[in-house]
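Work through the exercises below with the sequence and the structure side by side, and try each task before you read its solution.

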Amino acid sequence: MQKNNPVNYLTVENISKSYGELQLFKDLSFSIHKDDKIAFVAKNGSGKTSILNILSGDDVPDDGQVIIRNGLRLSFLPQSPDFEEELSIEQTIFNSDLPILKVIENYEKALLHPEDQEAYQKAFEQMDIQNAWDFEVQYKQILFQLKLENLDQKIKTMSGGQKKRLALAKALINNPDLLILDEPTNHLDLEMIEWLESYFAKSQLTLFMVTHDRYFLERVCNEIIELDHGKLYSYKGNYSYYLENKEARIANETVETGKAKQLYKKELEWMRRQPKARTTKSKSRIDDFHVIKEKAHQRRKDHQVQLELNMERLGSKIVEFHNVSKSFGEKTILNKFEYVFKRGERIGIIGKNGTGKSTFLNMLTKNLTPDSGKIVIGDTVKFGYYTQSGIEVKPGQKVIEVIKEFGEFIPLTKGRQISAGQLLERFLFDRKKQYDYVEKLSGGEQKRLYLCTVLIQNPNFLILDEPTNDLDIVTLNVLEEFLLDFPGCLLVVSHDRYFMDKIVDHLFVFKGEGEVEDFPGNYTDYRDYEASVPSLESSKTENTESASIKQNEASKLSYNEQKELKSLESKIRSLELDKKAMEAKFNDTSLSQEQINKLSEELQIILDDIATKESRWFELSEKMEE
């Protein structure tokens with residue numbers, strides 16, 4: 001039986017875009033077909049947002065074209081939505097050309113005027129004819145999940161995050177054939193992200209998105225298109241598939257470049273021996289030589305941010321919260337909160353939007369005073385505070401000037417130092433980029449520069465409030481490697497579940513009404529623990545004998561041991577992924593013996609860690625089964 005060809009929705013043919021002398025991309029071509037769920041991956045500053053704007057029709061390429069299927073309904077979620085400030089949420093939703101929304105709007109107006117029986121009857125019949133009842137339930141569910149229940153709220157009173165959620169709701173409600181999304185998980189809390197992930201995984205929507213959320217990429221996408229050094233590469237799978245195959249591609253390119261270098265040396269000798277008169281055959285060989293030369297000189301510019309900055313010594317007294325309370329009117333943020341921070345702690349803060357996470361950070365850094373109780377900060381503590389507001393952009397200021405405000409030279413570990421320019425190179429700003437104006441940088445590049453300014457002040461207590469927003473995956477991976485080695489205290493607020501799982505081993509869960517749960521584990525541990533709570537509740541309805549057996553089994557492990565068992569399972573899974581990634585690095589044929597030895601040592605550390613944790617897991621499992 002012949003397989004039907006997929007329906008083509010949109011084709012990009014040889015598009016290019018430049019701003020002045022800066023060329024973002026050139027001659028890019030790809031297609032989007034029905035049922036595709038594509039993520040577009042590239043470094044910050046590569047033009048990801050420009051490409052989305054071109055696909056949505058909000059911008060045009062300098063060269064090339066975008067061909068869209070006739071009659072295709074397309075919705076676009078931009079990073080910074082623009083709405084009419086005087087409209088309400090409901091008016092904004094109904095301000096659409098989708099016919100079914102007009103039917104629902106008329107019905108809801110008729111409900112407000114029950115005295116006009118004729119109008120009500122007509123609206124009711126149209127709801128039946130258009131089969132709009134299910135759609136009404138669906139769109140109200142979307143608004144509820146995105147916490148937009150107050151339909152009368154004016155746009156002008158909404159925060160940036162609320163506007164982003166409204167733009168997402170509007171895009172989903174419009175029920176498009178193709179949905180284009182720029183960082184859809186920014187400004188969503190964890191519960192909303194998981195709902196959206198589930199919604200997309202089950203829906204028939206065709207998606208093309210830019211996102212840094214790697215769990216989202218793993219669970220939603222069926223293809224990843226990467227723009228790497230000006231070329232497009234397509235991976236027909238999710239994030240794990242992409243990582244594995246990208247590693248293989250780079251290893252293969254390294255081998256090919258090595259072969260080309262050998263051939264280049266040989267051909268170079270031949271070129272030098274040739275007389276000026278050329279035969280047809282020799283001219284052909286000369287043409288081939290230039291191709292070989294180009295291939296032999298290919299170098300991957302995958303500089304890694306090396307964050308080996310110095311850290312101020314941290315004393316025994318760090319930060320202590322004693323009976324700290326804070327409210328805003330009727331809203332309680334903290335209620336007699338007690339905690340003593342210890343050296344090397346890595347704490348993640350999670351909770352729904354509005355439960356007080358940023359308020360907590362502002363009290364910790366003395367930018368806000370508690371209503372009662374006291375916060376004691378040790379004499380040696382030096383905070384590094386990465387806030388959501390980002391870098392303050394001064395008109396006419398260049399990138400290099402931002403760093404030089406902290407000094408011409410910056411101290412590193414072991415008594416070394418580097419210049420401001422060298423430091424910026426390690427943060428992926430090449431010499432040319434260092435003299436660009438800060439206001440001309442992309443959103444992600446500005447975030448990277450801001451991160452640099454926080455870290456070069458040598459903090460020993462690092463506070464990161466949503467550090468992953470707008471950073472590309474390459475920078476995120478490097479930031480994670482740095483944070484894993486950071487010896488000071490670390491406090492992170494983030495909706496990036498992958499980031500939290502990798503970085504923290506302990507959570508403050510802000511539940512609202514001043515309640516903060518101290519949980520010993522990472523985000524996945526907490527979700528597993530939460531998922532087990534309903535099953536414990538439902539077990540009460542089972543027969544007495546079954547309940548008695550379960551209780552006896554559970555009683556063999558203490559509460560903390562049960563938590564530890566779940567935490568070990570998650571950590572072993574994570575270490576297995578680290579092991580796989582480390583083993584893949586050995587495929588690089590250009591590695592020196594010294595590099596191979598170093599990788600072997602790192603791999604052995606991971607293997608030892610797995611063995612230790614597996615041993616403890618078996619110990620607890622056997623105890624439960626005794």
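**Exercise 1. Find out which residues I173 touches, leaving out residues up to four places away in sequence, and then place I173 in its core.**

Solution. In this predicted model, begin at the side chain of I173 and look for heavy atoms within 4.5 Å, which is the cut-off for a contact. Once residues up to four places away in sequence are set aside, the search gives I93, L98, L101, F135, Y139, I142 and L143. Next, turn to the largest nonpolar core, which has 56 residues, and where I173 stands with L146, L172 and F200 as the residues that touch the most other members. The largest share of this core is supplied by α6, with 7 residues. Finally, look for a second core, separate from this one: it has 44 residues, among them I350, I391, V399 and L476. In soluble globular proteins, nonpolar side chains tend to be buried together.

**Exercise 2. Check the length of α3, and then describe how α3 meets α4.**

Solution. Start with the length: α3 has 14 residues, and at 1.5 Å a residue they should span 20 Å, so the 21 Å between its end C-alpha atoms agrees with the expectation. Now compare the axes of α3 (residues 99-112) and α4 (residues 117-129), which come within 9 Å and cross at roughly 145 degrees. The crossing of the two helices is left-handed. On the α3 side the contact is made by V103, I104, N106, Y107, A110 and L111, while α4 contributes A119, Y120, A123, F124, Q126 and M127. Sorting these residues by type gives 10 nonpolar, 2 polar and no charged.

**Exercise 3. Which residues of α3 are buried, and against which helices do they pack?**

Solution. The buried residues of α3 are I100, L101, V103, I104, E105, Y107, E108 and A110. Following their contacts outwards leads to α2 (89-94), α4, α5 (133-145) and α6 (160-173). As a help in reading such a list, recall that an α-helix has 3.6 residues a turn, so residues three or four places apart point the same way.

**Exercise 4. Decide whether K326 is buried or exposed, and where its contacts lie.**

Solution. First locate K326, which lies in strand β10 (residues 319-328). Its relative accessibility is 8%, and because buried means under 20%, K326 counts as buried. Leaving aside neighbours within four places in sequence, K326 is in contact with K331, T332, I333, L334, T359, M363, L368, T369, P370 and D371. For one of these partners, D371, the separation along the chain is 45 residues, yet the C-alpha atoms of K326 and D371 are separated by 5.1 Å.

**Exercise 5. Compare the settings of D35 and K366, two residues with a positive phi although neither is a glycine.**

Solution. Most residues other than glycine have a negative phi. The phi of D35 is about 75 degrees, and that of K366 is about 65 degrees. D35 sits in the loop between β2 (22-33) and β3 (37-41), whereas K366 is found in the loop between α11 (357-364) and β13 (372-377). At 36% relative accessibility D35 counts as partly exposed, while K366, with a relative accessible area of 56%, is exposed.

**Exercise 6. How many helices and strands does the chain have, and what percentage of its residues are buried?**

Solution. The secondary structure comes to 20 helices and 20 strands. Of the 626 residues in the chain, 47% are buried. To finish, take the contacts between residues at least 6 apart in sequence: 67% of them join residues at least 24 apart.

Definitions and conventions:
Residues are numbered from 1 along each chain as its sequence is written. This is a predicted model: local features need pLDDT of at least 70, side-chain atom pairs count only at pLDDT 80 or more; totals for chains, interfaces and linings use all residues. Side-chain values use heavy atoms; hydrogens and water are left out. Axes are lines fitted to C-alpha atoms, for helices over the stretch in contact, and angles run from 0 to 180 degrees between N-to-C directions. Helices (H or I, at least four residues) and strands (E, at least two) are DSSP runs, numbered from the N terminus. A crossing is left-handed if the near helix is turned anticlockwise from the far one by less than a right angle, and right-handed if clockwise. Ala, Val, Leu, Ile, Met, Phe, Trp, Tyr, Cys and Pro count as nonpolar, Asp, Glu, Lys and Arg as charged, and the others, Gly among them, as polar. The expected span of a helix is 1.5 Å times one less than its number of residues. Buried means under 20% relative accessible area, exposed over 50%, partly exposed in between (1.4 Å probe, protein chains only). A nonpolar core is a set of buried Ala, Val, Leu, Ile, Met, Phe, Trp, Tyr and Cys residues joined through side-chain atoms within 4.5 Å.
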